[in-house]
Amino acid sequence: MIYSLYIINKAGGLVYQRDFAEQLEKLSSNDYLVLAGTFHGVHAITSKISPVPSSSGIEVLEAETFKLICTQTLTGTKFLLVTDPQHQNVEVLQKKVYDLYSNFVMKNPFHTPEMPIRSDQFDAGLTKLISEA
Amino acid sequence: MTIHNLYIFDRHCECIYFQKWSHQRPSSMASVNATSTTTSSKTGGLLTSTSRYSTSSATSNVVDSNPANSSAASSYKAGDDNNRISSMQSAATPGNNMSLEEEAKLVYGVVLSLRNFVRKLSGKQDGFIAYKTSAYKLHYYETPTGLKFIINSDQYTESLRPVLRQIYVQLYVEFVVKNALMRFDNTRWTIGSSTVHDIPIAGDDDAEAAERQETQQIPAGYISNELFRVAVDRFIRSLSVFE
């Protein structure tokens with residue numbers, strides 16, 4: 001089960017946040033911005049404190065009530081998917097989310113890069129994708 | 001499967017214990033830690049090793065078949081006068097010249113941020129279990145008193161939270177808390193050759209407290225208990241995930 005999706009731009013700003021289930025706490029939009037910034041910083045530090053050479057940043061965060069999977073694109077945008085702790089095959093879903101992002105966000109001529117995403121088609125595509133998953 | 005290192009933090013964000021397990025071959029170990037290897041072979045005894053921070057080689061058990069000797073030799077000193085945390089080389093990748101003190105602060109910062117992140121999202125007090133990168137996995141366990149146990153392993157290891165809990169319950173409580181020489185110094189536990197005079201008295205002023213801190217050999221709170229170090233080393237080595 002997918003709980004929510006966050007998209008963080010390369011500067012650590014939250015450009016998209018959406019909940020798909022009620023399992024997680026509801027926070028104010030300001031809190032979500034703070035969480036995204038925190039995660040961005042932590043992601044950078046986790047590659048520095050690695051006990052072995054050349055580690056990436058944090059990829060999976062395991063908690064008792066959820067699991068967070070982070071994928072970073074080559075351009076530095078981070079996609080965070082929050083799922084239930086037992087969820088499998090998130091990679092497939094991540095790729096589909098990225099497809100939607102490229103089709104309905106990046107190809108949108110009215111979208112300003114690094115700014116919050118406002119696209120009805122992206123929203124609709126996500127709703128469809130999550131309900132199928 | 002490997003276990004890289006173990007940190008213990010007290011609730012004042014102070015790193016009170018660090019231990020590292022190196023999985024390199026002895027030959028390459030010698031070039032990295034030339035001084036510490038020679039010191040250990042000379043002194044090699046259980047009581048002479050006073051450093052709080054040690055590096056131990058995974059192969060030392062094979063080299064030295066005597067079990068009493070091997071555990072002592074494996075937790076060797078980092079140099080006679082180098083037992084300050086700031087002078088130790090970082091536990092992170094060799095070549096990265098961050099001091100252990102700096103690294104411990106970063107680890108604590110990451111763990112605390114993620115703990116609060118999880119708390120905020122899930123609304124539960126004790127939610128953060130572990131995180132994984134492409135190269136390692138960090139496991140986290142916090143006691144109700146705020147002690148934080150952190151272990152780094154390779155990314156395929158199953159949750160080590162039970163292991164951390166066991167280190168707390170069976171080793172920390174047994175060898176550190178039940179140690180008669182441990183002294184409660186207002187906020188921190190400390191071990192050392194303290195006299196009766198050193199025990200904090202109610203109404204002690206701050207200047208006196210600061211003076212006492214300075215005269216102390218080991219900063220308050222650090223676990224300098226060699227028995228604990230040996231026991232942790234033996235326990236981690238006995239795990240099936242340690243190779």
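**Bends, burial and a two-chain contact**

Student: What makes you say that H6(B) bends?

Tutor: In this predicted model, H6(B) turns by about 40° at Leu171(B). That angle is taken between axes fitted to the seven residues ending there and the seven starting there.

Student: How do you know that the span of H6(B) falls short of a straight helix?

Tutor: Set the two lengths side by side. H6(B) covers residues 161–177, and a straight helix of 17 residues would span 24 Å at 1.5 Å a residue. Between its end C-alpha atoms, H6(B) spans only 20 Å.

Student: Which residues of H6(B) are called buried?

Tutor: They are Val163(B), Leu164(B), Ile167(B), Tyr172(B) and Val176(B). The label needs 20 or more other C-beta atoms within 10 Å.

Student: Now chain A. Why is Val82(A) called buried or exposed?

Tutor: The cut-off for buried is 20 or more, and Val82(A) has 25 C-beta neighbours inside 10 Å, so it counts as buried. Val82(A) belongs to strand E5 of chain A. Leaving out residues up to four places away in sequence, Val82(A) touches Tyr3(A), Ser4(A), Leu24(A), Phe66(A) and Leu68(A).

Student: And why is Asn89(A) called buried or exposed?

Tutor: Exposed means 12 or fewer. Asn89(A) has 8 C-beta neighbours inside 10 Å, so it counts as exposed. Asn89(A) lies in the loop between strand E5 (78–83) and helix H2 (90–106) of chain A.

Student: What makes the phi of Asn89(A) worth a look?

Tutor: Its sign. Most residues other than glycine have a negative phi. Asn89(A) is not a glycine, yet its phi is positive, at about 55°. Cys13(B) is another non-glycine with a positive phi, of about 60°. Cys13(B) sits in the loop between E1 and strand E2 (15–22) of chain B.

Student: Why does Cys13(B) get the label it has for exposure?

Tutor: Cys13(B) has 14 other C-beta atoms within 10 Å. Buried starts at 20 and exposed stops at 12, so with 14 Cys13(B) is partly exposed.

Student: How do you know whether chain A agrees with a compact globule?

Tutor: Compare its radius of gyration with the globule rule. For 133 residues the rule gives a value near 14 Å, and chain A has 15 Å, which agrees. The C-alpha trace of chain A spans about 45 × 30 × 30 Å along its principal axes, and 31% of the 133 residues count as buried.

Student: What elements is chain A built from?

Tutor: Chain A has 3 helices and 5 strands, in the order β-β-α-β-β-β-α-α along the sequence.

Student: What makes a strand of chain A and E4(B) a pair?

Tutor: Pairing needs at least two bridges. Strand E3 (residues 60–63) of chain A and E4(B) share 4, so by that rule they pair, and the sense is antiparallel. Within this pairing, Val60(A) stands opposite Lys132(B) in E4(B).

Student: How many residues are in contact between the two chains?

Tutor: There are 30 residues of chain B in contact with 30 residues of chain A. On the chain B side, strand E1 (3–9), helix H5 (100–122) and strand E4 (128–132) each supply at least two residues. H5(B) gives the most, with 12 residues. By type, the side of chain B that touches chain A divides into 15 nonpolar, 11 polar and 4 charged residues.

Key. Residues are numbered from 1 along each chain as its sequence is written. Chains are lettered from A and ligands numbered from 1 in the order in which they are written. This is a predicted model: local features need pLDDT of at least 70, side-chain atom pairs count only at pLDDT 80 or more; totals for chains, interfaces and linings use all residues. Two residues are in contact if their C-beta atoms, placed from the backbone, lie within 7 Å. Ala, Val, Leu, Ile, Met, Phe, Trp, Tyr, Cys and Pro count as nonpolar, Asp, Glu, Lys and Arg as charged, and the others, Gly among them, as polar. The expected span of a helix is 1.5 Å times one less than its number of residues. The radius of gyration is taken over C-alpha atoms; the globule rule is 2.2 Å times the number of residues to the power 0.38.
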